[in-house]
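Dear colleague,

Please find below the structure I promised to hand over, followed by a summary of what turned up in it. I would be glad if you read the summary with the coordinates open beside you.

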Amino acid sequence: MKFSLMKEKITPDISVKQAGYAARDHKSIGVHDDTYASIALIQANETVVIIALDVCFGDRKFAYGIKKAINEKYGLAQDKIIISYSHTHSAVGITGEEFPEDTDPELAGASKPAGDKENPDYTEAIRYYNIVKGKIMNMLEEGFKNLTEGNIYFCSGRSKFGVSRRYPSQEGILWRPYYGEDSMDEDLQLFKFVDRNDKIRGLLYNYACHPTSLGSDNYYISADFPGVVRRILEEKNKGMTAVFLQGCGADIKPYVTDNGEKFKNCTYEELEAGGKSLANDIQKCIDGAGWRKIDAALKTGFSLVKLYTEVWNESEWMTVLNDPNEPEYRKKAIRKKLEDMKVKKPGNYLPYYISYLRLDDQTCMICLECEVVSDIGKEIKRLFREDVIVLGYSNSIACYIPTKKVLQQGGYERDSFMSASLAGPFVPEIEDIIVGRSALMVNSK
């Protein structure tokens, strides 16, 4: 088999509105560390492209535009292109220029424009999209010209870098650190790419955790902990490109943000310490003996399912709108929702893209859209004896994806639908739809 691993800076060259925190009230004022687009190009019986981006999210327009450009130049179908977003809250969200045909933007995760909601301005967003697309295409061109012969190896480790932000109490789910049994996903799954001289040329690592070490008071661009991990690993392993693939970490935060009974915004020194601890966990795996060679026999596929929601009427939205405890950013979204309902009946489902990449008969990667809570990723992996890697935050991000338990318990991950383009909360059956369809994909050897 052959491979190429590449990375290129995608740090915005102008002041931008960072994504991830509604509390921010002005654009970025500088750069703490550069953000990157990274690519793993894998060629065996098939050709597969994995693109990892240090951005908060991308929408369907972005995913469609990137995959269309790659298809037109290299003939690769959409399921042979995996796009993964790190979800750093210290960078930007990213959009594109056009939707796929027959797609309703309200149901497809349309990203927020650079301007405010009343006076949207996509000029800067489209300019940035074209910069990122251009760099991705340039990297692929170089990657196809400079493929390296070698092998891929897989290793599974553990890390306690993350902590749940869903604390169960008599008052309900609280936003505070929770270390209860099985409250997060400790899986640390790695792929190393080794050339014919047994030198490590690339590393893909998957872990489930929000890159929110830095908080809403940070106005400097940063990749957050994935950036620290990348720098440390690449300095330690010269000539290796380190790539982060985000897992189902919607309800998980870095342990360094734990401030007792609440979460804190870390300093840059604390960000560095946290990233170093995860890098050390990864380096132990790199230096260890638990690697299994992948006998590459690539197979890909995808499925588009519908995740249905309840349809709230005006009085249900008004009850939330009149609640003094609801944050203002949600109330703004609800006011817009009520205005839109006067013109158009809201749709009652979210189109949801699931893809898979089978690397050999023992190893499969499932790629899920949106902000998926950790229990869904764990549930999929527990169904199989083989090595299954589950990505969240892939293809596009529109909203949170909760489990039945989260829908019943409540909390931020359940209530986030209010600020998304959804007609109401998800129905409990969406968990079964996602897990069931993922299971069918893993079994399609």
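**Overall shape and make-up**

With 445 residues, a compact globule would be expected to have a radius of gyration near 22 Å, and the protein, at 21 Å, agrees with that expectation. Please keep in mind throughout that this is a predicted model. Taken along the principal axes, the C-alpha atoms fill a box of roughly 65 × 50 × 45 Å, and the chain is arranged into 10 helices and 22 strands.

Of the 445 residues, 58% are buried, and the accessible surface comes to about 18600 Å², with carbon and sulfur atoms accounting for 46% of it. If one takes the contacts with a separation of 6 or more, 79% of them are between residues 24 or more positions apart.

**Charges and salt bridges**

The protein carries 59 positive and 65 negative side chains, and the centres of these two sets lie 2 Å apart. In the structure there are 35 salt bridges, and I describe some of them here.

One of them brings together the side chains of Arg127 and Asp13, with an N to O distance of 2.7 Å. This pair links distant parts of the chain, since Arg127 belongs to helix H2 (residues 123–145) while Asp13 sits in the loop between strand S1 (2–9) and strand S2 (30–31), 114 residues apart. As for their surroundings, Arg127 is partly exposed, with a relative accessible area of 39%, whereas Asp13, at 53% relative accessibility, counts as exposed because the cut-off for that class is over 50%.

Another salt bridge joins Arg292 to Asp360, where the closest N and O atoms are 3.3 Å apart. Here too the pair links distant parts of the chain, with Arg292 in strand S16 (residues 292–294) and Asp360 in strand S18 (residues 349–360), 68 residues apart. Both Arg292 and Asp360 are buried.

Strand S18 also contributes Arg358, whose side chain meets that of Glu386 in a salt bridge with an N to O distance of 3.0 Å. Glu386 lies in the loop between helix H7 (374–382) and strand S21 (387–391), so the pair ties together parts that are 28 residues apart in sequence. Glu386 and Arg358 are both buried.

Beyond these pairs, there is a network of salt bridges that links Arg158, Lys160, Asp185, Glu186, Asp187 and Lys381.

**Contacts of two helix residues**

Which residues does Asp432 touch, once those up to four places away in sequence are not counted? They are Lys404 and Arg437. Asp432 itself is found in helix H10 (residues 430–442) and is partly exposed, with a relative accessible area of 43%. Between Asp432 and Lys404, which are 28 residues apart along the chain, the C-alpha atoms are separated by 9.0 Å.

Ala69, in helix H1 (residues 60–74), counts as buried at 16% relative accessibility, because buried means under 20%. Leaving aside the neighbours within four places in sequence, Ala69 is in contact with Lys133 and Met137. The C-alpha atoms of Ala69 and Met137 are separated by 8.0 Å, although the two residues are 68 residues apart along the chain.

**Two positive phi angles**

Finally, two backbone angles may deserve a look in your viewer. Asp224 is not a glycine, yet has a positive phi of about 60°. Asp224 is found in the loop between strand S13 (220–221) and helix H3 (225–236), and is buried, with a relative accessible area of 0%.

Asn395 likewise has a positive phi, near 65°, in a residue other than glycine. Asn395 lies in the loop between S21 and strand S22 (400–401), and at 7% relative accessibility this residue also counts as buried.

With best regards

Key. Residues are numbered from 1 along each chain as its sequence is written. This is a predicted model: local features need pLDDT of at least 70, side-chain atom pairs count only at pLDDT 80 or more; totals for chains, interfaces and linings use all residues. Side-chain values use heavy atoms; hydrogens and water are left out. Helices (H or I, at least four residues) and strands (E, at least two) are DSSP runs, numbered from the N terminus. The radius of gyration is taken over C-alpha atoms; the globule rule is 2.2 Å times the number of residues to the power 0.38. Buried means under 20% relative accessible area, exposed over 50%, partly exposed in between (1.4 Å probe, protein chains only). Contact means heavy atoms within 4.5 Å. Accessible areas come from the Shrake-Rupley method with a 1.4 Å probe; for residues, only the protein chains shown count as cover. Lys and Arg count as positive and Asp and Glu as negative; His and the chain ends are not counted. The place of a charge is taken as NZ of Lys, CZ of Arg, CG of Asp or CD of Glu. A salt bridge is a side-chain nitrogen of Lys or Arg within 4 Å of a carboxyl oxygen of Asp or Glu.
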